[in-house]
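Trainee: Please give me a close look at how the charged side chains pair up in this model, and then at what sits around them. I'm new to this, so spell out the terms as you go.

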Amino acid sequence: MVTKEKTGIVISNKQNKTITVAVQRRVAHAKYSKVISISKNYMASDPDDVCQVGDRVLISEIRPMSKNKRWIFKSLISHSAKSNLV
């Protein structure tokens, strides 16, 4: 079984052990063929609460953990510039 993985930016970490990740993808418009950016938010489990807002992360698909959580934090790709200043 192949698990899906997506890369995105953390937009919220206010919930306990949960992050919200915005994943952007670029697609061509069906009629006009202009390339547009489409964004979708995914709720992912972050058991150790290591992610901060603005971090680029890799999330992986898992079995449903709750009503909205079907993804889990897999690895940190890069920290946000704001977190490096602290």
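**One charged pair and its surroundings**

Mentor: The structure holds one salt bridge, meaning a side-chain nitrogen of Lys or Arg within 4 Å of a carboxyl oxygen of Asp or Glu. Before we zoom in: this is a predicted model, where local features need pLDDT of at least 70 and side-chain atom pairs count only at pLDDT 80 or more, while totals for chains, interfaces and linings use all residues. Residues are numbered from 1 along each chain as its sequence is written, and side-chain values use heavy atoms, with hydrogens and water left out.

So who makes the bridge? Glu 5 pairs with Lys 74, and their closest N and O atoms are 2.5 Å apart. Find Glu 5 in strand β1 and Lys 74 in strand β5: the two are 69 residues apart, so this pair links distant parts of the chain. (A strand is a DSSP run of E, at least two residues, numbered from the N terminus.) Both partners are partly exposed, Glu 5 with a relative accessible area of 41% and Lys 74 with 48%. For those labels, buried is under 20%, exposed over 50%, and partly exposed in between, with a 1.4 Å probe and protein chains only.

Now look at a charged residue without a bridge. Asp 46, in the loop between β3 and β4, is buried yet has no salt bridge. Its nearest side chain of opposite charge, Lys 69, is 9.5 Å away; here Lys and Arg count as positive, Asp and Glu as negative, and His and the chain ends aren't counted. Beyond four places in sequence, Asp 46 is in contact (heavy atoms within 4.5 Å) with Lys 17, Thr 18, Ile 19, Cys 51 and Phe 73.

Three of the residues that Asp 46 touches, Ile 19, Cys 51 and Phe 73, also belong to the largest nonpolar core, which has 11 residues. The others in that core are Val 10, Val 21, Val 23, Tyr 42, Ala 44, Val 57, Ile 59 and Trp 71. (Such a core joins buried Ala, Val, Leu, Ile, Met, Phe, Trp, Tyr and Cys through side-chain atoms within 4.5 Å.) Strands β2 (18–28), β3 (35–45), β4 (56–61) and β5 (69–78) each supply at least two core residues, and β2 gives the most, with three. Core member Ile 19 touches Asp 46 in turn, and among its other contacts beyond four places in sequence are Val 10, Tyr 42, Ala 44, Cys 51 and Phe 73.

The core also includes both members of the structure's one aromatic pair. Tyr 42 and Trp 71 sit edge-to-face, 5.1 Å centre to centre, with 65° between the planes. (Rings of Phe, Tyr and Trp, its six-membered one, pair with centres within 6.5 Å; planes under 30 degrees apart are stacked, over 60 edge-to-face, the rest tilted.) Because Tyr 42 lies in strand β3 and Trp 71 in strand β5, this pair ties together parts that are 29 residues apart in sequence. Tyr 42 counts as buried at 14% relative accessibility, and so does Trp 71 at 8%.

Last stop, back with charged residues. Lys 17, one of the contacts of Asp 46, is in the loop between β1 (5–12) and β2, and has a positive phi near 60° without being a glycine. Asp 49, in the loop between β3 and β4, has a positive phi too, about 50°. Lys 17 is partly exposed at 43%, and Asp 49 is partly exposed at 41%.

How values were computed: Helix = DSSP H or I, 4+ residues; strand = E, 2+ residues; numbered from the N terminus.
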